[in-house]
Amino acid sequence: MGSTQADEAVVAPSLRTAADFYAGKVDSLQQRHVELEAALAQVQAELARARSRHHFLSEALEELLAKGDAETGGHDTAPPEGAPGPDEEVPAPKPRVSKPRARKPRPRPGGQLMQSILQVLVTAGRPLRVKDITEALGRPSSGREGRVSLETTRSTCKRLVKNGQATEGPVGVFTIARAEEPPVEGDA
């Protein structure tokens with residue numbers, strides 16, 4: 001029995017050293033795990049922002065292309081003034097001075113989101129807040145994803161107001177624009 005106690009006395013410090021080593025390893029791996037989760041959350045937030053911006057820009061591009069097709073009858077015309085030819089270098093952008101002009105509200109083809117928002121406003125029959133419109137579209141309206149959805153809906157509603165297809169009042173509350181009645185002859 002004396003040798004067993006001697007063996008235990010020799011092995012115990014080695015086991016303690018190994019246990020301490022792995023305790024430190026567990027602590028450092030847990031810390032690394034926390035850091036990686038934080039980095040992942042940051043990447044996921046950035047990905048959500050990038051997806052939202054991509055979606056918004058894609059819709060804006062689609063709207064511009066649809067407008068261009070409507071104005072040219074679906075046929076390409078000469079490239080815009082100052083646009084480089086296929087073999088030319090792209091010049092540095094020149095500052096543009098635009099003359100103010102009166103715009104008439106006119107219906108224009110828009111992206112799928114614009115059409116969906118118009119449908120929600122038409123069927124509601126009353127002014128709606130951006131959050132209500134976003135929820136009616138089946139998009140999230142809370143949390144990180146909700147902020148992105150709400151901003152996309154808000155900016156699209158603002159474009160609808162600018163196009164004369166919707167009205168805003170009070171701020172953040174939108175309704176479908178009503179066509180004005182033509183003046184009756186004989187009214188002064």
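**Figure 1. A look into the second largest pocket of this predicted model.** Fourteen is the count to keep in mind here: the pocket is lined by 14 residues, and L47, A48, R51, E145 and V148 are the ones nearest its centre. Its volume comes out at about 320 Å³. Two elements, helix 1 (2-72) and helix 4, each give two or more residues to the lining. Helix 1 supplies the largest share, seven residues. As for chemistry, the lining is a mix of five nonpolar, five polar and four charged residues.

**Figure 2. The whole protein, for getting your bearings.** Before zooming in again, here's the overall layout: four helices and three strands. Reading from the N terminus, the elements go α-α-β-α-α-β-β. Of the 188 residues in the protein, 18% are buried. If you take contacts between residues at least 6 apart in sequence, 59% of them join residues at least 24 apart.

**Figure 3. Helix 4, from end to end.** This helix covers residues 143-162, which makes 20 residues. Does the length add up, or what should we expect? At 1.5 Å a residue the helix should span 28 Å, and its end C-alpha atoms are 28 Å apart, so the two agree. The buried residues of helix 4 are G146, V148, S149, T152, T153, S155, T156, C157, R159 and L160. An α-helix has 3.6 residues a turn, so residues three or four places apart point the same way. Just after helix 4 comes G164, with a positive phi near 85°. Most residues other than glycine have a negative phi.

**Figure 4. The largest nonpolar core.** Here 14 residues come together, and those with the most contacts inside the core are I117, L121, L128, I133, C157, L160 and F174. Which elements give two or more residues to this core? They are helix 2 (112-124), helix 3 (130-136), helix 4 and strand 3 (173-176). Helix 2 gives the most, with six residues.

**Figure 5. L160 and the residues around it.** L160 is one of the core residues with the most contacts inside the core, and it is also among the buried residues of helix 4. Skip its neighbours within four places in sequence, and you'll find L160 in contact with M114, I117, L118, Q165 and A166.

**Figure 6. T153, a buried residue of helix 4.** Is T153 buried or exposed? Its relative accessibility is 0%, so T153 counts as buried. You'll find this threonine in helix 4. Not counting residues up to four places away in sequence, T153 touches I117, V130, I133, T134 and L137.

**Figure 7. R154, next along helix 4.** R154 also has its place in helix 4, but this one counts as partly exposed because its relative accessibility is 32%. Look for K131 too: the C-alpha atoms of R154 and K131 are separated by 8.8 Å, although the two residues are 23 residues apart along the chain.

**Figure 8. L113 on helix 2.** L113 sits in helix 2, and with 4% relative accessibility it counts as buried. Which residues is L113 in contact with, leaving aside its neighbours within four places in sequence? The list is H55, E59, L137, R139, T152 and T156. You can also pick out C157, which is 44 residues from L113 in sequence, with 9.7 Å between their C-alpha atoms.

**Figure 9. P140, in the loop between helix 3 and helix 4.** With a relative accessible area of 34%, P140 is partly exposed. Its contacts, not counting residues up to four places away in sequence, are T134, E145, G146 and S149. E145 may look familiar, as it is one of the residues nearest the centre of the second largest pocket. The C-alpha atoms of P140 and L150 are separated by 8.1 Å, and these two residues are ten residues apart along the chain.

**Figure 10. A cis peptide bond at P170.** P170 belongs to the loop between strand 2 (166-168) and strand 3. What is the peptide bond from G169 to P170, cis or trans? The bond is cis, with omega near -10°. Most peptide bonds are trans.

Conventions
Residues are numbered from 1 along each chain as its sequence is written. This is a predicted model: local features need pLDDT of at least 70, side-chain atom pairs count only at pLDDT 80 or more; totals for chains, interfaces and linings use all residues. Side-chain values use heavy atoms; hydrogens and water are left out. The expected span of a helix is 1.5 Å times one less than its number of residues. Buried means under 20% relative accessible area, exposed over 50%, partly exposed in between (1.4 Å probe, protein chains only). A nonpolar core is a set of buried Ala, Val, Leu, Ile, Met, Phe, Trp, Tyr and Cys residues joined through side-chain atoms within 4.5 Å. Contact means heavy atoms within 4.5 Å. On a 1 Å grid over the protein atoms alone, a cavity is a set of points where a 1.4 Å probe fits but cannot get out, and a pocket is an open set with protein on both sides within 12 Å along at least five of seven lines; lining residues have an atom within 4 Å of a point. Grid points are joined across faces, edges and corners, and a volume is the space filled by probe spheres set on the points. Ala, Val, Leu, Ile, Met, Phe, Trp, Tyr, Cys and Pro count as nonpolar, Asp, Glu, Lys and Arg as charged, and the others, Gly among them, as polar.
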